[in-house]
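Here are a few short exercises to work through with the model open in your viewer. Try each task before reading its solution.

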Amino acid sequence: MCSTQAGTSASLEAELAHVQAELAQLRLAAASSATAAAAAADAAPAACEPAGAAGRQLLQQVVREEVSEALELFAADRTGLPDYALAAGGAEVVAHSPAHLPSSASLLATLPRLHSGVVHPQASKLLLAPISQPGLCLPLVGAAGWVDVRLTRRIHPTAFTYEHIPAAIAFDIRSAPRNLVLTGFLGPPPPHPGPAANSSAEGAEALGVPLGSFSYDAHSRHPVQTFQLGPEWRQVEVDHVRLAFAANNGHPGYTCLYRFRMHGTPA
Amino acid sequence: MCSTQAGTSASLEAELAHVQAELAQLRLAAASSATAAAAAADAAPAACEPAGAAGRQLLQQVVREEVSEALELFAADRTGLPDYALAAGGAEVVAHSPAHLPSSASLLATLPRLHSGVVHPQASKLLLAPISQPGLCLPLVGAAGWVDVRLTRRIHPTAFTYEHIPAAIAFDIRSAPRNLVLTGFLGPPPPHPGPAANSSAEGAEALGVPLGSFSYDAHSRHPVQTFQLGPEWRQVEVDHVRLAFAANNGHPGYTCLYRFRMHGTPA
Amino acid sequence: MCSTQAGTSASLEAELAHVQAELAQLRLAAASSATAAAAAADAAPAACEPAGAAGRQLLQQVVREEVSEALELFAADRTGLPDYALAAGGAEVVAHSPAHLPSSASLLATLPRLHSGVVHPQASKLLLAPISQPGLCLPLVGAAGWVDVRLTRRIHPTAFTYEHIPAAIAFDIRSAPRNLVLTGFLGPPPPHPGPAANSSAEGAEALGVPLGSFSYDAHSRHPVQTFQLGPEWRQVEVDHVRLAFAANNGHPGYTCLYRFRMHGTPA
């Protein structure tokens, strides 16, 4: 018995040693667990516990900073960029494809002889100023057209922005342009060649600098869309641009342009 | 002794077995605890640990999306709904109760003969366009009055919005309307019957469609208040509405209306 | 052996008791750990787990409240304070230092005889109304100048706000004022003494109430800057103020003022 007991005792000792080793491990694990849990518990209420005043405060601080930054950008013409096509800064619509005018006046406007000569009296105020309301846009006949703008000064072009009224509040979003082609000029652009002109016969200068072709998504939730120009144009100098569009969103009669902004660096 | 020892040894073994069982439980609990703590610790820094760059980034992303969405709605006339009472879209104030005009002119305006004939020359610009500044509102004599609006087109009415200048910046919030009654018409509304008219003598058509009565809370922190019309009116067609109010917020002399928007679906 | 065993057994018992005590501690610690971990795990997904729908929802709610509040303040003239210098409320620019006018007209404007007599025809519309666009500001000759404003009513002055176009979109931020000095008057301010006048010869009334001198930071990300006046002026009554500046941000030719707001309580 005693030997058995001794054997038992030895095995008990061994098992106890094993238990003690496990206990030591558990102590470490528990300590680590407790630390982690405490840290997590600390972090959670500090930053985000639903009812935690401190967490809510921190969250509010982060949110307020973001909101404040977003509102300052919103108040900075939404782009945070100078607009060298701003009418109030001296820019002007100097020519455009025939305007779409209501009723009998529209017939006159589409007469060929008015093609390159008549500028809509409100053109600069409509296209080169902050959007005021739905309906106040520059209406041009058809699904394709163009506008020539004299900028406020000579610049190296970097980007431009087109903004349509948000689709959600538009009376008819079909009159929004669907693509945009920008050409830069130093000096007034030549008369628009029209669809039938033989452009290869003209000089490179008269053709202007092809700054780029872009798609405008009138149904986007972000109607203020800024298009970056290729870096190769950052050395070019322009003081006029022609904004053209070849398609709209399906309106058969006219396309209405809301706001054009031109960005760059002073030349 | 040995038997005692054996007994002791047996009880030791039993206790050891018990300890081992408890250890097993603790191991499980500790493992589970550690997993939970690790998960919480993982989650916390990822999403919200104060000094955690990753958490701050994620938070900023969520905030930016919310802010961006809110700003686009803000830019979409704040309602995200087309406004069929917009002057720039062709809507017009066609009649209203006598205007409150400053000084001697106001006496003229309140003469009975002007009651239904004279429209304030700025009425549409003041009431049917975005609010520009405190003070630029349509002032009507007294605490009760009405305005008739020709909409931009025929619609099925679903809701309307009234917006007063925020109470915080108003010079005198007492001139805000306190309740609003909207009536729809197909064709121009009949002359307003006035308080003494016997409305039961008129036909149902002349009475128009009673689109609803609502309370406007000028002291709310949300001055842009949209009122949903009953679903029973979604089949009705209207192209004119009469906005009436029977009480203001306490100004004895006049009530000043800032902005009215009409919502619906094209009929 | 048995005695040894007994000794062994006794030590085993002691060790077992020790193990059991440790186990009891561990049980408590583990329970506490588990509770903390569970709480943290609960809190974390609820408030901020990246992919947690509930956490995202709660976060969105907090953000929406903050954004909504910020937008209502933005819509409340950005300050949430009545502006007693608002042109639409009846305030008016009654005098100012010589205006900087373009081309030949500017020469006339700087003639001494025009010094105190001519008011820019758009002065009130430019300075005492919400900023519409870059470039639409009141341009005054030189780096120092002043403007006299008749307020909408008699007030106890508490603060004023100056707002320049954001530096990010300004064509030339050098024309922003760099410091602002506000003086209050009851009744029209006396003619500006000019730099050479002996101010000590004038009476206290003519000098007005020195409401304070402040720095305007045109390069701040928050261009709408409200300056609190000393509490000692809250008993004073004024109905005119003179806003003066002694330096701009470096433009040699002119300083352009965008928007001035006057705050206080009705007297």
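**Exercise 1.** Find which residue forms a disulfide with C:Cys137, and say how far apart the two sulfur atoms are.

*Solution.* Step one: this is a predicted model, and the cut-off for a disulfide is a pair of cysteine sulfur atoms within 2.5 Å. Step two: the sulfur atoms of C:Cys137 and C:Cys256 are 2.0 Å apart, and the two residues form a disulfide. Step three: the angle about their S-S bond is 95°, and the link is right-handed. Step four: C:Cys137 sits in the loop between α4 (123-127) and β2 (138-141) of chain C, while C:Cys256 belongs to strand β8 (residues 254-257), so the bond ties together parts 119 residues apart in sequence.

**Exercise 2.** Decide whether C:Cys137 and C:Cys256 are buried or exposed.

*Solution.* The cut-off you need is that buried means under 20% relative accessible area. C:Cys137 has 7% relative accessibility and counts as buried. C:Cys256, at 5%, counts as buried too.

**Exercise 3.** How many disulfides does a search of the whole structure find over all chains? Once you have the number, characterise those in chains A and B.

*Solution.* The search finds three disulfides. Start with chain A, where A:Cys137 pairs with A:Cys256 at a sulfur separation of 2.0 Å. The torsion about that S-S bond is about 95°, so this disulfide is right-handed. As for burial, A:Cys137 is buried at 7% relative accessibility, and A:Cys256 is buried at 5%.

Now turn to chain B: B:Cys137 and B:Cys256 form a disulfide with their sulfur atoms 2.0 Å apart. The link is right-handed, with 95° about the S-S bond. It connects distant parts of the chain, 119 residues apart: B:Cys137 in the loop between α4 (123-127) and β2 (138-141), and B:Cys256 in strand β8 (residues 254-257). B:Cys137 is buried at 7% relative accessibility, and B:Cys256 is buried with a relative accessible area of 5%.

**Exercise 4.** Describe the secondary structure, burial and contacts of chain A as a whole.

*Solution.* First, count the elements: chain A has five helices and nine strands. Second, read them along the sequence, which gives α-α-β-α-α-β-β-β-α-β-β-β-β-β. Third, look at burial: of the 267 residues in chain A, 49% are buried. Fourth, consider the surface: chain A exposes about 11800 Å², with carbon and sulfur atoms supplying 59% of it. Finally, take the contacts between residues at least 6 apart in sequence; 82% of these join residues at least 24 apart.

How values were computed
Residues numbered from 1 in each chain as written. Chains lettered and ligands numbered in written order. Predicted model: local features only at pLDDT ≥ 70, side-chain atom pairs only at ≥ 80, totals over all residues. Heavy atoms only, no water. Helix = DSSP H or I, 4+ residues; strand = E, 2+ residues; numbered from the N terminus. Buried < 20%, exposed > 50% of the residue type's maximum accessible area, 1.4 Å probe, protein only. Contact = heavy atoms within 4.5 Å. Areas by Shrake-Rupley, 256 points an atom, 1.4 Å probe, with all protein chains shown as cover.
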